[in-house]
Amino acid sequence: MRDTRDIPPTTPDPITWLREDRARAQTARDPCAGLCTVATVDAEGHPQARTLVLRDVNGRLAVFLNRTSPKWIEFDQAPSVAVVVWLPVLNLQYRLRCRIEPVPDALVAASWQLRPSAPKRLDWLYTATLAQGSVVRDRAHLLEALESVPLPDPLVAPPTAAGLYLDAFTVDRLDLAQPDGVHDRRHFERREGDWHERIRVP
Ligand SMILES: Cc1cc2nc3c(=O)[nH]c(=O)nc-3n(C[C@H](O)[C@H](O)[C@H](O)COP(=O)(O)O)c2cc1C
């Protein structure tokens with residue numbers, strides 16, 4: 001029988017819970033603490049998934065990407081995206097469905113300054129010569145193109161550097177670390193600004 005009972009709005013909300021779990025994972029040197037997998041649907045209707053750094057930008061979840069990548073259009077045209085965070089050290093999985101909203105360019109530009117040199121060059125390569133994901137003859141050609149890419153002085157973010165907030169409207173948290181071996185699965189839905197929690201069969 002389907003259980004439709006609602007537990008009253010929760011405090012803390014699941015995004016706060018996710019933030020705390022990621023902080024615990026970071027402390028425990030979980031290699032996935034800073035990452036997520038984001039799934040979109042491409043123009044042919046096929047699923048596409050990739051690992052991205054999951055950032056906290058002014059208290060909101062966000063990812064940074066380049067507008068020349070095919071995924072930009074997939075993000076841009078999607079009503080929502082699916083995000084998975086797997087924290088192996090904690091035995092915890094989060095699955096989120098998120099709407100997206102652009103991160104203001106000024107915030108992207110400030111954060112871009114913290115990138116290492118190679119990704120900075122790559123971002124300018126995408127912008128000036130070779131879009132992300134385009135095909136090159138061989139790796140040597142890529143490295144040459146990267147070496148000769150024109151860089152502005154001062155070195156600032158290219159206009160293709162972008163960020164997207166991920167605003168979750170559902171969260172499914174699966175905690176495998178249960179002493180009795182029965183996984184703890186909680187599903188959260190945001191309605192009219194409040195999170196509602198339900199226990200789900202794992
Ligand atoms: C650990 C890890 C972190 C990554 N972080 C990012 C990221 O923050 N932004 C990004 O655009 N690509 C990131 N990538 C690369 C993407 O997974 C992907 O290969 C790339 O963006 C090209 O994807 P596309 O073909 O969908 O454009 C990361 C890959 C790994 C393995």
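In which sense do strand β1 and β2 pair, and over how many bridges? In this predicted model, β1, which spans residues 35-41, pairs with β2 in the antiparallel sense, and the pairing runs over seven bridges.

**View 1. The hairpin formed by β1 and β2.** Five residues lie between the two strands of this hairpin, and in the turn glycine 45 has a positive phi of about 90°. Within the paired strands, leucine 52 in β2 has cysteine 36 standing opposite.

**View 2. The shell of residues around the ligand.** The residues around the ligand are Leu35, Arg50, Thr51, Leu52, Val53, Phe64, Leu65, Ser69, Pro70, Lys71 and Gln132. By residue class, the shell divides into six nonpolar, three polar and two charged residues. Strand β2 provides the largest share of this shell, with four residues.

**View 3. Polar atoms of the protein beside the ligand.** For valine 53, a backbone N or O atom lies 3.1 Å from an oxygen atom of the ligand, while a polar backbone atom of phenylalanine 64 is 2.9 Å from a ligand nitrogen atom. Lysine 71 contributes through its side chain, a polar atom of which lies 2.8 Å from an oxygen atom of the ligand. The ligand taken alone exposes 620 Å², and the protein buries 58% of that area.

**View 4. The elements that contribute to the shell around the ligand.** Two or more residues of the shell come from each of β2 (47-53), β4 (60-66) and α2 (70-77).

Key
Residues numbered from 1 in each chain as written. Predicted model: local features only at pLDDT ≥ 70, side-chain atom pairs only at ≥ 80, totals over all residues. Heavy atoms only, no water. Near = heavy atom within 4 Å. Polar contact = N/O pair within 3.5 Å; in protein donor to acceptor, adjacent residues only side chain to side chain. Areas by Shrake-Rupley, 256 points an atom, 1.4 Å probe, with all protein chains shown as cover. Nonpolar A, V, L, I, M, F, W, Y, C, P; charged D, E, K, R; others polar. Pairing = 2+ DSSP bridges.
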